[in-house]
Amino acid sequence: MNNPRKIPQIIEPQVTIEGAGVRLLRSFGPKVSNLFDPFLLFDHFAFNDPLEGPIRGFPYHPHRGIETVTYMLEGSTAHRDSLGNEGLIGPGDVQWMSSGRGILHEEMPRRGESGNIYGFQLWVNLPSHLKMSEPRYQEVNASTIPTFEKDGVKIRVVAGTVDGVSGPVEDISASPLYLDVELAPASVWRFPIPSGHSALAYVFHGEGVFDDQTVNATHMLKFSDDGDHLEVKTENDSVRFMLIAGAPFKEPIVPYGPFVMNTLEEIQDTLKELRNGTFIK
Ligand code: FE
């Protein structure tokens, strides 16, 4: 590890209204340019003001061609879908949903005891040969997510493997790494990432030095593609961030709302099926 990745891009998350009027912070969404391949979208839900009124959530909507990962830190998300699944994603829990050829679902955030709702949703692309696969879910309880601490660095492994510790979410096409990382003040973390893999860090608490650039919450960092490791340091503050990394699929994408396919024709077919009532098989 002698060539740390640079940070050519720091993204300021934008307030976005989604679902039935939910305010969230979006770092990026699906675009033809596919700059974050294999990742398509990153949203941060942070509701902590009771004056914001009722949380309306995301009533029934379809997805095709993607995987969505919901990670809650405070409050919860109640969900239901067209396959008959129903559940509650609580604090520290993860839900990994592979929409494959199609799913209709409802996602309704709820306040926790603190009155807050705090969580993230990441969209990961599916490769063309799996876009029309059977939909499926992985529900992961907080207690089964491995956490380890070493030299002031605390890591929860949601997906992927760190120091021989593997996260509970498996069989995701992109084989991504998804980590919740916290550095105590005056700590250093160096982490190897294969060259060419996309790597992102979403800083949501405190302040850290990422390859010589001081970055505070709340910002999304995109690392350069070249280099063999990531380097994060802290000074007087602690820092907490989600680390997201994976190998790009390098396939063209055509996004349309909650669908991400490879061609315009596939999007047109999807819309036709929705109209005909044949979207859910
Ligand atoms: Fe959804």
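## Cavity, iron site and strands

User: What volume does the largest cavity have?
Analyst: The largest cavity has a volume of about 30 Å³, and I should say at once that this is a predicted model.

User: And how many cavities of 30 Å³ or more turn up in the whole structure?
Analyst: A search of the whole structure gives one cavity of 30 Å³ or more.

User: Which residues line the largest cavity?
Analyst: Its lining is made up of Phe45, Phe58, Thr70, Thr77, Glu107, Pro109 and Gln121, and one of these, Glu107, also takes part in coordinating the iron ion.

User: OK, the iron then. Which atoms coordinate the iron ion?
Analyst: The iron ion is held by the NE2 atoms of His61, His63 and His105 together with an OE atom of Glu107, at 2.1 to 2.4 Å. Along the chain, these donors follow the spacing H-x1-H-x41-H-x1-E. The pair His63 and Glu107 links distant parts of the chain, with His63 in strand β5 (residues 58–63) and Glu107 in strand β10 (residues 103–110), 44 residues apart.

User: Why does the arrangement of the four donor atoms count as irregular?
Analyst: The angles that the four donor atoms subtend around the iron ion run from 85 to 178°, which makes the arrangement irregular. For four donors, tetrahedral would require all angles to lie between 85 and 135 degrees.

User: His63 and Glu107, buried or exposed?
Analyst: Both His63 and Glu107 are buried.

User: You mentioned β5 and β10. What is the strand order in their sheet?
Analyst: Four strands form an open sheet in the order β5-β10-β7-β8, with antiparallel pairing. At its edges stand β5 and β8 (86–89), each with a single partner strand, so one side of each is left without a neighbour in the sheet. On average, neighbouring strands of this sheet are turned by 25° against each other, direction ignored.

User: How many bridges are there between β7 and β10?
Analyst: Strand β7 (residues 76–81) pairs with β10 over six bridges in the antiparallel sense, and within that pairing His79 has Glu107 of β10 as its bridge partner.

User: Switching to pockets, how much space lies in the largest pocket?
Analyst: The largest pocket holds about 320 Å³ of space. Its lining counts 19 residues, of which Glu18, Arg26, His61, His63 and Trp123 are the closest to its centre, and two of those names, His61 and His63, are already familiar as iron ligands.

User: Which strand gives the largest share of that lining?
Analyst: The largest share comes from β5, with four residues, while β3 (22–28), β4 (39–47), β5, β11 (117–125) and β24 (254–256) each supply at least two residues of the lining.

User: Last topic, β22. Why is it largely enclosed by the rest of the structure?
Analyst: Four of the five residues of strand β22 (residues 229–233) are buried, so β22 is largely enclosed by the rest of the structure.

User: Which strands are joined to β22?
Analyst: Strand β18 (residues 188–192) is joined to β22 by five bridges and runs antiparallel to it, with Arg190 having Glu231 as its bridge partner. Strand β19 (residues 198–210) is joined to β22 by two bridges, also antiparallel, and there Val209 is the bridge partner of Lys233.

User: And where is Asn236?
Analyst: Asn236 sits in the loop between β22 and β23 (239–246), and at 75% relative accessibility it counts as exposed. Asn236 and Ala186 are 50 residues apart in sequence, but 6.4 Å apart in space from C-alpha to C-alpha.

Definitions and conventions: Residues numbered from 1 in each chain as written. Predicted model: local features only at pLDDT ≥ 70, side-chain atom pairs only at ≥ 80, totals over all residues. Heavy atoms only, no water. Donors = N, O, S within 2.8 Å, 3.2 Å for Na, K, Ca; no water. Tetrahedral: all angles 85-135°; square planar, octahedral: opposite > 155°, others 65-115°. Buried < 20%, exposed > 50% of the residue type's maximum accessible area, 1.4 Å probe, protein only. Pairing = 2+ DSSP bridges. Axes fitted to C-alpha atoms, helices over the stretch in contact; angles between N-to-C directions. 1 Å grid on protein atoms, 1.4 Å probe; cavity = no way out; pocket = protein on both sides within 12 Å on 5 of 7 lines; lining within 4 Å. Points joined across faces, edges and corners; volume = space filled by probe spheres on them.
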